[in-house]
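I opened this structure to look up a few things in turn. My notes follow.

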Amino acid sequence: MSVVTAEPPVAQEERAAREVYRDVLVELAAADERYVCLDSDTGLFSGTAWGSAAPRYLNLGIAEQNLMGVAAGLARSGRIPFVNTMATFAATRALEAVKLDIAWNDLPVRIVATHGGLSAGHLGSTHHALEDLAVMRMLPNMTVLVPADAAATEHLLRASARLPGPVYLRLGRGATPALPPGAEPVRIGAAQCLRRGDDATLIATGPHPVLTALDAADELAAAGIEASVLNMHTIKPLDRQAIVTAAARTRGIVTVEEHWAAGGLGSAVAEVVAEQGVACPVRRVAVADRFAAGTGGHRHLLERNGIRAATVIEHVRRLLA
Amino acid sequence: MSEDHARRARELIVQMCANPEGGHLGGSMSLVEILVTLYRDVMRIDPRRPSDPDRDILLLSKGHGAIGLYAALAERGFFPEELLASYGAPDSMFTAHPNPAVPGVEMPTGSLGHGLPLGVGFALAARLDGSDRRCFVVLGDGELQEGSVWEAAMAAGAKGLDRLVAIVDRNGLQISGDTEDTVGLEPLANRWRAFGWTVREVDGHDTSQLREALSDVPHTPGRPTVLLARTVKGKGLPYIEGQARSHYVKLTERGHRRARAALLRGERNSGEQTSGERTRGERTRTETT
């Protein structure tokens with residue numbers, strides 16, 4: 001009996017989005033005097049060589065409400081502040097300042113939020129952000145972006161730098177793999193199609209959810225079910241047309257996200273489907289209505305909380321049954 | 001001279017409180033000399049060019065003093081006084097908290113504790129620009145119970161923002177009564193000093209004291225300045241001065257007439273009726289001014 005050994009998997013490049021952000025921001029700040037980096041003692045910029053932009057790096061300490069208000073004052077004075085904190089602190093602790101000082105005034109503040117979703121891992125529920133997308137997408141004027149890998153982080157960062165209003169950029173903590181090559185480049189407000197199939201549509205946001213959706217689509221294909229995969233890197237403004245098309249062309253939509261089910265990507269997709277009156281079922285793969293189950297690292301928590309390919313596949317099978 | 005401007009601003013405030021919506025009377029009357037002195041004698045502003053990039057900035061962090069701000073802006077000539085007649089009407093730009101659609105209003109405020117963080121941002125921007133423009137933030141004393149004020153105070157002290165000036169309208173009252181009976185603020189001067197600020201205490205209704213204290217900012221190079229301005233809530237209407245119930249008042253027609261008369265004649269201790277309640281007794285808290 002011959003043994004067929006699988007080829008070892010090609011190691012995909014793993015980079016932490018927040019390190020990409022740091023490097024790109026240093027470059028942007030050197031080239032444009034309007035850019036100011038406001039830090040809240042995240043440690044991300046320790047030892048960073050800012051060069052001539054050094055006066056425009058300001059560590060304001062551990063005080064997130066003040067951080068957002070200061071950013072608004074700077075932005076009103078003609079600067080473009082990049083504000084660094086963790087996602088949950090931006091979305092909940094500092095929410096009123098984000099809402100009133102930044103969003104209401106439609107100011108060009110870039111809130112760069114690390115530790116999105118469950119990426120804070122064993123740091124626990126104090127540091128998990130399972131509400132930030134819901135919170136940020138309800139704010140008028142806010143653009144909400146979730147890059148799925150390092151390359152998209154750089155791309156969205158550069159593209160969003162030119163937007164006139166506020167931006168919430170959700171990043172993770174650790175390194176994540178690059179998406180498979182060959183996809184069309186990300187464009188703010190346009191879903192990125194990673195795979196085409198006519199039976200079901202998987203819509204995902206963030207590094208692990210998008211990879212999970214791709215894995216699920218591979219397994220489904222092996223069983224003869226073809227699924228489209230959309231990377232919904234822009235939560236707001238949402239690509240409604242892509243959702244309507246998916247609802248019309250395929251027999252069901254499954255969303256995948258590192259977020260509580262309430263209010264996140266899945267809710268946003270369901271809103272569009274319902275409002276358009278397209279008859280298409282929507283199922284959400286997200287963290288259930290509880291504080292994240294289990295303790296441990298990021299990947300473990302994703303597994304424990306059902307953000308995995310098997311959950312997606314089960315939903316698709318039931319939808320098509 | 002400034003007294004006439006202050007009296008005119010008070011007349012405008014009283015007029016707005018005679019609207020069916022009513023207004024934050026007490027905490028606007030306590031602000032009058034502070035705002036009039038800033039706009040008349042201290043700030044580098046041009047009412048015809050409210051967006052001049054080199055202007056000094058004023059943020060009314062105690063946003064419920066909006067009618068005081070509108071009155072001071074109108075009195076200074078940012079817009080015609082007649083426009084204030086729309087206060088309280090549907091879709092009027094004169095909302096109960098400062099609306100940036102009003103010429104001269106820099107930022108919307110109203111939720112307490114936002115002004116000083118914004119002020120730190122304006123001051124940092126001025127420093128980065130190499131500009132000597134100043135930022136004045138007017139706070140309520142009850143507002144100082146908000147933690148974000150002290151986050152900003154700490155940051156301003158640490159960053160040495162000596163062109164940032166906080167002015168506390170120390171009228172001693174919040175909705176439920178005396179600040180010291182609620183969550184006390186004293187020793188207030190020491191608290192600011194401990195955060196790295198230079199403190200001046202003035203009579204907030206004495207325009208010459210205000211002018212003197214505000215004209216030579218920064219008082220200490222490398223340190224932000226705070227003025228603790230002792231004021232009287234409801235100042236100018238003796239029958240409600242120093243009373244917490246002056247916080248929000250809807251003046252009846254009769255009340256409006258009496259208030260105008262009080263402003264004109266300095267009438268004291270006359271009866272006054274507001275929509276919700278009747279004055280109980282004639283006890284007023286008088287402060288030396």
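**Chain contact.** I began where the two chains meet. The contact takes 24 residues from chain A and 17 residues from chain B. On the chain B side, α5 (115–129) and α6 (147–159) each supply at least two residues. Which helix gives the largest share of that side? I found α5(B), with nine residues. I then sorted the chain B side by residue type. It divides into eleven nonpolar, five polar and one charged.

**Confidence.** I noted that this is a predicted model. It scores ipTM 0.93 and pTM 0.93. For chain B, I read a mean pLDDT of 91, with 91% of the residues at 70 or more. Where does pLDDT stay under 50 in chain B? I located residues 267–289. For that stretch of chain B, the model has 45 contacts beyond four places in sequence.

**Domains of chain A.** Next I turned to the domain assignment. It gives domain 1 (16–177) and domain 2 (192–320) in chain A. I looked up the distance between the centres of these two domains of chain A, taken over C-alpha atoms, and got 26 Å. Their contact takes 27 residues from domain 1 of chain A and 28 residues from domain 2 of chain A. I listed the elements on the domain 1 side. In chain A, α5 (132–137), β6 (143–145), α6 (150–160) and β8 (175–177) each supply at least two residues. By type, the side of domain 1 of chain A that touches domain 2 of chain A divides into 13 nonpolar, eleven polar and three charged residues.

**Core.** I went on to the largest nonpolar core, which has 185 residues. Which of its residues touch the most other members? They are Ala71(A) and Leu202(A). This core draws at least three residues from each of domain 1 (16–177) and domain 2 (192–320) of chain A. I followed Leu202(A) outward, leaving aside residues up to four places away in sequence. Among the residues Leu202(A) touches are Ala213(A), Ala216(A) and Ala217(A). Val254(A), Val256(A) and Val312(A) are also included. I kept the general tendency in mind: in soluble globular proteins, nonpolar side chains tend to be buried together.

**Helix α7 of chain A.** I checked α7(A) next, residues 207–222. It has 16 residues and reaches 23 Å from its first C-alpha to its last. That is close to the 22 Å expected at 1.5 Å a residue. Among the buried residues of α7(A) I found Ala213(A), Ala216(A) and Ala217(A), which Leu202(A) touches. Pro207(A), His208(A) and Leu220(A) are also among the buried residues. Just after α7(A), Gly224(A) takes a positive phi of about 85°.

**Helix α4 of chain B.** I then looked at α4(B), residues 66–76. Is this helix mostly covered or mostly open? I found it mostly covered, with ten of its eleven residues buried. The buried ones include Ile67(B), Tyr70(B), Leu73(B) and Glu75(B). Gly77(B) follows α4(B) and has a positive phi, near 100°.

**A loop proline.** Last, I picked Pro20(B). It lies in the loop between α1 (2–17) and α2 (25–29) of chain B. Why does Pro20(B) count as exposed? Pro20(B) is exposed because it has 8 other C-beta atoms within 10 Å, and the cut-off for exposed is 12 or fewer. I also paired Pro20(B) with Tyr87(B), 67 residues apart along the chain. Their C-alpha atoms are separated by 9.6 Å.

Terms used. Residues are numbered from 1 along each chain as its sequence is written. Chains are lettered from A and ligands numbered from 1 in the order in which they are written. This is a predicted model: local features need pLDDT of at least 70, side-chain atom pairs count only at pLDDT 80 or more; totals for chains, interfaces and linings use all residues. Domain bounds come from an automatic or database domain assignment. Two residues are in contact if their C-beta atoms, placed from the backbone, lie within 7 Å. Helices (H or I, at least four residues) and strands (E, at least two) are DSSP runs, numbered from the N terminus. Ala, Val, Leu, Ile, Met, Phe, Trp, Tyr, Cys and Pro count as nonpolar, Asp, Glu, Lys and Arg as charged, and the others, Gly among them, as polar. A residue is buried if 20 or more other C-beta atoms lie within 10 Å of its own, exposed if 12 or fewer, and partly exposed in between; C-beta atoms are placed from the backbone. pLDDT is the predictor's confidence in each residue, from 0 to 100. A nonpolar core is a set of buried Ala, Val, Leu, Ile, Met, Phe, Trp, Tyr and Cys residues joined through C-beta atoms within 7 Å. The expected span of a helix is 1.5 Å times one less than its number of residues.
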